[in-house]
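Hello,

Here is the structure you were expecting, with my notes on it. Please read the notes with the model open.

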Amino acid sequence: MRRIVSLAAILICCLALMACGKKHVGTQVDTTLPRWCQWQGADRDCHFWVGHLLFESQIKKGPQAGTYTITGTVDPTSSTEQRLAKNWQGRFSMFVAKDNIVVDNVGFLPKRNSDNSDPKLSFEIDYSRPEGFDAITFGYEITVGPVR
């Protein structure tokens, strides 16, 4: 009986740890595609479309070795056409790759300008990875609510 209870406890712990895993980490990717921003150790500007959103970002080395600051904007518009409704909820991710393998998935939430004069959403991510990385890209999951 003790063995069964111990085995069940171990199984529950393993399932809980698997549920906490980060989406896409461990996935092999091709970081030479235009959707990926290559990092070669020097400050870098990146601009690319992911779905209907334009991500403009800058990668800078941080003050300590293995630290980085990624700042940028997410533009939900294209010309004067609204691409993203005003009533939305979303989850944004920065995917980090090393040797063509996704090694991290960092969630973040871009912020609107306080006076809503600029449709772009801004973000800043302080990131630490002593092993370094080769490329980043962004992803998002959006839920659009009813218009009010």
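Below is what was found, starting with the chain as a whole and ending with a single loop residue.

Please keep in mind that this is a predicted model.

Overall make-up

The chain has one helix and eleven strands. The helix comes at the N-terminal end of the order, and the strands follow it. Of the 148 residues in the chain, 33% are buried. The exposed area is about 9,900 Å², and carbon and sulfur atoms supply 55% of that area. Among contacts in the chain with a separation of 6 or more, 62% are between residues 24 or more positions apart.

The sheet

Five strands form an open sheet with antiparallel pairing, in the order β2-β3-β4-β10-β9. Its edge strands are β2, residues 44-50, and β9, residues 111-112, each of which pairs on one side only. The partner of β9 is β10, which covers residues 121-128; these two strands are antiparallel and joined over two bridges. Within that pairing, R112 has L121 of β10 as its bridge partner.

The disulfide

The search for disulfides gives a count of one. It is formed by C37 and C46, with 1.6 Å between the sulfur atoms. Both C37 and C46 are buried. By its number, C46 falls within the range of β2, 44-50.

The nonpolar cores

The largest nonpolar core contains 23 residues, and the residues with the most contacts inside it are F55, I70, M94, Y127, I136 and F138. At least two residues of this core come from each of β2, β3 (53-61), β4 (67-75), β7 (88-98), β8 (101-108), β10 and β11 (135-144). The largest share is that of β10, with four residues. Another core, of six residues, lies apart from it and includes V29, F95, A97 and A135.

F138 is worth selecting in the viewer. Leaving aside its neighbours within four places in sequence, F138 is in contact with R35, F48, V50, F55, S57, I70, S93, M94, F95, F108 and F123. That list includes F95, which belongs to the six-residue core.

Aromatic pairs

Over the whole structure there are twelve aromatic pairs. One of them is Y127 with F133, an edge-to-face pair with 6.2 Å centre to centre and 75 degrees between the planes. Y127 and F133 are both buried. Y127 has already come up as one of the residues with the most contacts inside the largest core.

There is also a cluster linked by ring pairs, made up of F48, F55, F92, F108, F123, F138 and Y140. Of these, F55 and F138 are also named among the residues with the most contacts inside the largest core.

An arginine in a loop

Is R129 buried or exposed? R129 sits in the loop between β10 and β11. Its relative accessible area is 16%, and the cut-off for buried is under 20%, so R129 counts as buried. Leaving aside its neighbours within four places in sequence, R129 is in contact with G66, Y68, V96 and V103.

Regards

How values were computed
Residues numbered from 1 in each chain as written. Predicted model: local features only at pLDDT ≥ 70, side-chain atom pairs only at ≥ 80, totals over all residues. Heavy atoms only, no water. Phe/Tyr/Trp six-rings, centres within 6.5 Å; stacked < 30°, edge-to-face > 60°. Buried < 20%, exposed > 50% of the residue type's maximum accessible area, 1.4 Å probe, protein only. Pairing = 2+ DSSP bridges. Contact = heavy atoms within 4.5 Å. Areas by Shrake-Rupley, 256 points an atom, 1.4 Å probe, with all protein chains shown as cover. Disulfide = S-S within 2.5 Å. Core = buried A, V, L, I, M, F, W, Y, C linked by side-chain atoms within 4.5 Å.
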